[in-house]
Amino acid sequence: EEVAEAIDVEVDHEGFIVYIAGHDNYGNLEDEGRTDVNILVAVNPQTRQIVMVSVPRDSYLRIPGKGANQYDKLTHAGNYGIRTSIRTLENALDIDVNYFVQMNFSSFMEIIDAVDGVEVDNPDAFLSSQSNNYYDSGIITLDSAGALDFVRERYNLPEGDFSRQRNQGLVIEAVFKKVVSTDLLFNFQGVMEAVSDSVATNMPVGTIMDFVNYQMSTNADWDFQTLRVSGEDAM
């Protein structure tokens, strides 16, 4: 497994891309394993725009390295480690990924706990196929278990996996906006310590704090956009 080295930039004025890799398991975070969630987050601090691109887990892409550049599902790239997933996405979309954030179900719940839950505007009411809990449309408040339920659902949503990707983006946006608009920003070191054992990233601590300091000095409002990669179904 190659080391996934960061392409470090001055995050207070240069744009950068973060790859969020989500593993479909609980417990200790392993470097290798199928990635159920693959989200690219492009951040532009000059225009204060954040664009999230969800790439479906079953996207049929060439897997470099130990994947021998053969076509396979994107989720299987994770079996060769985070660097292979990054290279697969870089090649497919002709981009450079600056940083990654790697998590699993347990990590995700710890993040939601660290920010004391989130509020989202739910577009589609649904009954969870995981827990049988009902999630109404409109503004809803989610604790860690509810948030995990919310981002995992696809069977009872109108567009299946596309609706799930949209909901994942809504929760990421809610976490970000809660952190940057509350006292959590001034105690961001505490948030980092709370999740440091369960989240892996190659973003240097100094770079993270540069971004936090930029946000504290500008108190910027951010414009979020969510895009999806289109394709055709096939067997």
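This report walks through charged pairs, polar contacts and a few backbone details in a predicted model.

## Salt bridges across the model

Let us start with charge pairing. Side chains of opposite charge can pair when their charged atoms come close. In this model, a search of the whole structure turns up ten salt bridges. A few of them are described here, together with where their partners sit and how much of each partner is accessible.

One of these pairs is R34 with D24, whose side chains meet at 3.0 Å, N to O. Both residues lie in the loop between β1 and β2 (35–44), so the salt bridge ties together parts that are ten residues apart in sequence. R34 counts as partly exposed because its relative accessibility is 40%. D24 is partly exposed as well, with a relative accessible area of 24%.

## A bridge between strand β12 and a loop

What distance, N to O, separates the side chains of R228 and E159 in their salt bridge? The value is 3.3 Å. R228 belongs to strand β12 (residues 223–228), while E159 lies in the loop between α4 (144–152) and α5 (161–180), so this pair ties together parts that are 69 residues apart in sequence. R228 is partly exposed at 43% relative accessibility, and E159 is likewise partly exposed at 43%.

R228 also gives a handy reference point for distances along the chain. The C-alpha atoms of R228 and I7 are separated by 24 Å, with their positions 221 residues apart along the chain.

## A salt-bridge network

Some charged residues do not stop at a single partner list of two. D36, R57, D58, K73, D161 and R164 are linked in a network of salt bridges. If you are looking at the model on screen, selecting these six names together will bring up the whole network.

Within this network, the side chains of R57 and D58 meet in a salt bridge of 3.3 Å, N to O. Are the two partners buried or exposed, or something in between? R57 counts as buried because its relative accessibility is 16%, under the 20% limit used for that label. D58, on the other hand, is partly exposed, with a relative accessible area of 41%.

## A patch of negative charge

Not every charged residue here is described through a pairing. On the surface, D8, E10, D12, E14 and D210 gather in a patch of negative charge. Patches are made of residues with no salt bridge, so these five acidic residues have no such partner in the model.

D8 is one member of the patch. Its place is in the segment before β1 (16–23), and D8 is partly exposed, with a relative accessible area of 44%.

## Side chains that reach the backbone

Two buried polar residues are worth a look, beginning with E90 and then N104. E90 lies in helix α2 (residues 82–93) and is buried, with a relative accessible area of 12%. A polar atom of the E90 side chain lies 2.9 Å from the backbone nitrogen of V97.

Where does N104 sit? Its place is in the loop between β6 (99–103) and α3. N104 is buried, with a relative accessible area of 3%. A polar atom of the N104 side chain lies 3.1 Å from the backbone nitrogen of S106. In addition, the side chains of N104 and S107 are joined by a polar contact of 2.8 Å.

## Positive phi outside glycine

For the backbone, which residues might catch your eye in a Ramachandran plot? R48 has a phi near 55°, a positive value in a residue other than glycine. R48 is placed in the loop between β2 and β3 (49–54), and at 32% relative accessibility R48 counts as partly exposed.

D116 also has a positive phi, of about 60°, although D116 is not a glycine. D116 is found in the loop between α3 (105–114) and β7 (118–122). With a relative accessible area of 67%, D116 is exposed.

Conventions. Residues are numbered from 1 along each chain as its sequence is written. This is a predicted model: local features need pLDDT of at least 70, side-chain atom pairs count only at pLDDT 80 or more; totals for chains, interfaces and linings use all residues. Side-chain values use heavy atoms; hydrogens and water are left out. Patches are made of residues with over 30% relative accessible area and no salt bridge: like charges are joined within 9 Å, nonpolar side chains (Val, Leu, Ile, Met, Phe, Trp, Tyr) within 5 Å. Accessible areas come from the Shrake-Rupley method with a 1.4 Å probe; for residues, only the protein chains shown count as cover. A salt bridge is a side-chain nitrogen of Lys or Arg within 4 Å of a carboxyl oxygen of Asp or Glu. Lys and Arg count as positive and Asp and Glu as negative; His and the chain ends are not counted. The place of a charge is taken as NZ of Lys, CZ of Arg, CG of Asp or CD of Glu. Helices (H or I, at least four residues) and strands (E, at least two) are DSSP runs, numbered from the N terminus. Buried means under 20% relative accessible area, exposed over 50%, partly exposed in between (1.4 Å probe, protein chains only). A polar contact is a pair of N or O atoms within 3.5 Å; within protein, one must be able to donate a hydrogen and the other to accept it, and residues adjacent in sequence count only if both atoms are side-chain atoms.
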